[in-house]
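Let's take a walk through the charged and aromatic side-chain contacts in this one. Have a look at the model first, then read on.

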Amino acid sequence: MKLMINGETVDNVKAGTVSELLEELKIVQGRVAVEVNLSVIKKTEHETFQLKDGDIVEIVNFVGGG
Amino acid sequence: MEDSFVIRGIEFRSRLWVGTGKYKDFDETRRAIEASGADVVTVAVRRTNITDRKSENLLDFIDPKKYKILPNTAGCYTVADALRYSRLAREAGISDLIKLEVIGDERTLFPDNIGLLEATEILAKEGFIVLPYTTDDPVMAKRLVDAGASAVMPLAAPIGSGLGIRNPYNLKIILEQATVPIIVDAGVGTASDVAIAMELGCDAVLLNTAIAGAKDPIMMAAAMKHGVIAGRLAYKAGRIGKKLYATASSPFEGML
């Protein structure tokens, strides 16, 4: 499956759900927020939310700011 | 000195709030925040690095159990963007607090108050605790509260400018009519600026660059901490009135 993640095209994604995607990218769950096609996916839905080919995914976290 | 204030049921023990941007590294960020005594730290919401997973996470250095994390919508120029960042921030974090910024101009980073008002109303309805960053306009401050703001954050001067409190009289009017906490946000340069804000009666001051950009950020963080304490005490103590002519401090009686 091909996804657009944080503005980059990522080929051959094996993950089916948001949880699996975070695991595949080795991102620690809990400190990030995930948006798929402009909708925020709640943490409680990460395990069940199914991704599909061509989805636009944004994964964000907190950085230094004022 | 226990002197806390409350925003929507959340108790804030520190009247100095600090940002986490522009530091040399996360260790310096952590040490500066510790020296400042702040219990609130602001953060920005940005894309996670998906290729280099070794990069350190800010929250490894700033314990969310010890500090209240206040996400901002810095960099947002439209209502839609500010809403998007706010919703992501709530999902990434642990609270409904949002420091709402809708920026209207690149050079001054002054807020777009029309967009700010609109975004405040929408987010307040969604249950956010909205702390809007606004100009030092008393009418705007009122309108923001009417729209659901839980506190108002008027600027002292443009973000990162270090110009200090440019319009203390407007701040005074904002404070006089305030029904929510007023937190001066942005533009202070040094400890005396912070003290002035507190002497006016502001509930707290939020700053970032004044500490992070100082030659010795850790020492400046301590200076800011003392500036806030000095200003707050002076406000509570009640300063003397200003007079044009002198009043002698030593008695006439007993003079030769």
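Which residue lies over the face of Phe12(B)? That would be Lys68(B), sitting 5.2 Å from the ring centre. Keep in mind that this is a predicted model.

## Charges over rings and aromatic company

Phe12(B) also has aromatic partners: together with Phe5(B) and Trp17(B) it makes up one aromatic cluster. Another charge-over-ring contact puts Lys99(B) over the face of Tyr133(B), this time at 5.8 Å from the ring centre.

Over all chains, the count of aromatic pairs comes to 4. One of them joins Phe26(B) and Phe61(B): the ring centres are 5.3 Å apart and the planes meet at 40 degrees, so this pair counts as tilted. Phe26(B) belongs to helix H1 of chain B, while Phe61(B) is in the loop between strand S4 (40–47) and strand S5 (68–71), so the contact ties together parts that are 35 residues apart in sequence. Both rings get some solvent: Phe26(B) is partly exposed at 23% relative accessible area, and Phe61(B) is partly exposed at 22%.

## A buried salt bridge

The whole structure holds 18 salt bridges over all chains. Take Asp3(B) and Arg232(B), whose closest N and O atoms are 2.6 Å apart. Asp3(B) lies in the segment before strand S1 (5–7) and Arg232(B) in helix H8 (residues 217–237), both of chain B, so this bridge ties together parts that are 229 residues apart in sequence. Buried or exposed, these two? Both Asp3(B) and Arg232(B) are buried.

## Partly exposed bridges

Now for a local one. Asp27(B) and Arg30(B) form a salt bridge with their closest N and O atoms 2.7 Å apart. The two sit 3 residues apart in helix H1 (residues 26–36) of chain B, about one helical turn from each other. Asp27(B) is partly exposed at 32% relative accessible area, and so is Arg30(B) at 26%. The pair doesn't stand alone, either: Asp27(B) and Arg30(B) are linked with Arg31(B), Glu34(B) and Lys66(B) in a network of salt bridges.

Glu126(B) and Arg87(B) also meet in a salt bridge, at 2.6 Å from N to O. Glu126(B) is in the loop between helix H3 (113–125) and strand S7 (129–134) of chain B, with Arg87(B) in helix H2 (residues 79–92), so the pair ties together parts that are 39 residues apart in sequence. Glu126(B) is partly exposed at 30% relative accessibility, and Arg87(B) is partly exposed at 32%.

How values were computed
Residues are numbered from 1 along each chain as its sequence is written. Chains are lettered from A and ligands numbered from 1 in the order in which they are written. This is a predicted model: local features need pLDDT of at least 70, side-chain atom pairs count only at pLDDT 80 or more; totals for chains, interfaces and linings use all residues. Side-chain values use heavy atoms; hydrogens and water are left out. A salt bridge is a side-chain nitrogen of Lys or Arg within 4 Å of a carboxyl oxygen of Asp or Glu. Helices (H or I, at least four residues) and strands (E, at least two) are DSSP runs, numbered from the N terminus. Buried means under 20% relative accessible area, exposed over 50%, partly exposed in between (1.4 Å probe, protein chains only). Rings of Phe, Tyr and Trp (its six-membered ring) pair if their centres lie within 6.5 Å; planes under 30 degrees apart count as stacked, over 60 as edge-to-face and the rest as tilted. A charge sits over a ring if NZ of Lys or CZ of Arg is within 6 Å of the ring centre and within 35 degrees of the ring normal.
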